[in-house]
Amino acid sequence: MRGPQSEGFEVAKKSAKKVEVDPITLSVVRGILETTQREMTLSLEKTARSSVFNLAHDYSTALFNATPEMILQGQDIPIHLGSLIPAMKVVAGYFEGDIHEGDLLIHNDPAWGGSHAIDTCFYRPVFWKGKLKYWTVCKGHLTDVGGPVPAGYNPNAKDIFAECLRIPPVKVWDRGQPRKDVLNFILTNMRARRDQEGDFNALIGACQVGERALIAMLEKYGEETVDACIDTLLNMAERQMRTLISEVPDGTYEGSAILEDAGHGFGDFEIKAKVTITGDNCHIEISSPPQIPYFINSYEGNSYSGVYLGLMMFAQLPPPYNEGLYRCVSVNMGPKGTICNAAEPAPHMNCTTTPMETLTDAVRLAFEKAVPSKVSASWGHANGLNIAGWDKRHDEEYVTMVLATIISGAGATPSQDGWHACGPECCFGALTSGDVELLEYSYPIIIHRYSLMTDSGGAGKFRGGSGTAWEVEPLNDDMTFITFGEGRRIPAVGAAGAASTMIDTKVGRLELVEGDHSETIRENVIKVIKPGDRITNMNPGGGGYGNPMERPVEKVVWDVKNGLVSLDGAREDYGVIITDPVSLDVDITATRALRAKRAVAAK
């Protein structure tokens, strides 16, 4: 049995079973597995209560075999999926010998392999003819999980006990019977219970949808055929990763990224990744500073998500996506008690964005030193906002994480500009912001602005994607807001010589307007505003790729025309001098001279 503070999580070893299956049957079984996962995801979207689920899609689903080994990684939220691998092993290990048909387990504790406690996970064992065959797993970001601060993010927490209700592996259904006492205990400790209970039911239902589909697959194709197909898919993913790793020159490559001070006086931190390639095997070693009494520590399970995302950003492999990908990858998170391998009772709630995105950058940069041709720029880091208050329309409390406030820009690549409003890096395009009207319907707020931000994308031959601005006002009562994240001083990392002159427009910040007073907030804070006050959360853009002086002039003019770059940005970031703000005429002679001058200065 594994307990808290595990000394490491091993990826399941390759199965010794070798059964050949024909390609058509393999394709069909693979399609059933992928469809099962997709049905689970759609079930969550259509039945969940909170906007975090039904609008933003901050949840993930996965399928495991009885080993347990992840046999299908949903194309959902990277911050969830990497940590599900160690979490599933911890949960199954804890209940080993006491797992029965009809059971349902719940878990959120980072010290037991979880990500952060607000991400609560349900595990459903799937039996076939009395034998444990699979697990269906659903994880979702609840809008509240107890603790002193609404929505869970407490920048003032000095330990984990000041953050949340911790749930180690617990049975909430026992042999098909709901444990109403346990469920009631958990929900009673959460704000906005109606939302949490609705999302619980959605997660439970999605697990059951997956169970039904997997049993139908076994009934149609038989246990031996399905097992052979799953083994083949695991081996296929392993083979693809090994082939990629074998093409990387043997050696040791190092990358590092800076985790900036969020204004609480701890200073900047450097996170390092050392990647060692030996044949078709890869070892990743993480080095991070000692943990601190602040909510950016990451427990080991969560840090796997950051490492695997950095690896997959480099690898860019096609499906299947399963645990076979990581059989040739070993990871050392460094000693316990560090920021990327925290020990109890370290506070942690911000860890899925900070430091995970910095950890991801460090790993990705190490791989890119090994193969520079695969280099791409960093995405914008999360800089978000939670809100809470009393909804007089329904005479009940409301609390939510506004996922629209962390939608940042994607990084540019060697062949194209970064996508707008696609980040942050930790979610890698899987989050959606939802309709403004539905958010206003769900909560007593009015959203005055949701737009792309001028000059937010990192400068480069290929420009980084633009970040977003989200402006809100409470309607009928005071509203508490809590900020979290970073990326408010250091912009997204560019690549291949990309560099921005205008920095302040490319980082996150929050603008607060109270009456005649306005201020810019770059720290993680808890504040209360009244109707008539406004806050605007501004997110960073993605990094650029290549020398910005090489961006074609006509593309810079197009960016200015479409509000992505200002006239000042055209001059400062790209060396393009536009003489008329209406016609957007360019002084070609002056532009060439300025670009030539900067090229000399850069040498």
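**Exercise 1. State the exposed area of the chain and its carbon and sulfur share, then judge the overall build.**

Solution. The chain exposes about 22100 Å², and carbon and sulfur atoms supply 51% of it. Accessible areas come from the Shrake-Rupley method with a 1.4 Å probe; for residues, only the protein chains shown count as cover. The model is predicted: local features need pLDDT of at least 70, side-chain atom pairs count only at pLDDT 80 or more, and totals for chains, interfaces and linings use all residues. Residues are numbered from 1 along each chain as its sequence is written, and side-chain values use heavy atoms, with hydrogens and water left out.

Next, the fold elements. The chain has 12 helices and 20 strands. These are DSSP runs, numbered from the N terminus: helices are H or I with at least four residues, strands E with at least two. The radius of gyration is 24 Å, close to the 25 Å of the globule rule for 603 residues, so the chain is as compact as a globular protein of that length. That radius is taken over C-alpha atoms; the rule is 2.2 Å times the number of residues to the power 0.38.

Last, burial. Of the 603 residues, 60% count as buried (under 20% relative accessible area; exposed is over 50%, partly exposed in between; 1.4 Å probe, protein chains only).

**Exercise 2. Place Lys-374 and find what its side chain reaches.**

Solution. Start with the location. Lys-374 sits in the loop between helix H8 (356–370) and strand S12 (383–391). Its relative accessible area is 22%, so Lys-374 is partly exposed.

Now the neighbours. Leaving out residues up to four places away in sequence, Lys-374 touches Phe-314, Ala-315, Gln-316 and Glu-368. Contact means heavy atoms within 4.5 Å. The side chain of Lys-374 reaches the backbone oxygen of Phe-314 at 3.2 Å.

**Exercise 3. Decide whether Ser-83 is buried or exposed, and list its contacts.**

Solution. Ser-83 lies in helix H3 (residues 78–94). Its relative accessible area is 0%, so Ser-83 is buried. Beyond four places in sequence, Ser-83 touches Gly-113, Ser-115, Lys-139, Gly-301, Asn-302 and Ser-305.

**Exercise 4. Locate the backbone features at Pro-320, Pro-424 and Ala-192.**

Solution. Take the peptide bonds. Pro-319 and Pro-320 are joined by a cis bond with omega about 10°. Pro-320 is in the loop between helix H7 (300–315) and strand S11 (329–332). The bond from Gly-423 to Pro-424 is also cis, with omega near 15°.

Then phi. Ala-192 has a positive phi near 50°, though not a glycine. Ala-192 is in the loop between helix H4 (180–188) and helix H5 (193–221).

Conventions. Polar contact = N/O pair within 3.5 Å; in protein donor to acceptor, adjacent residues only side chain to side chain.
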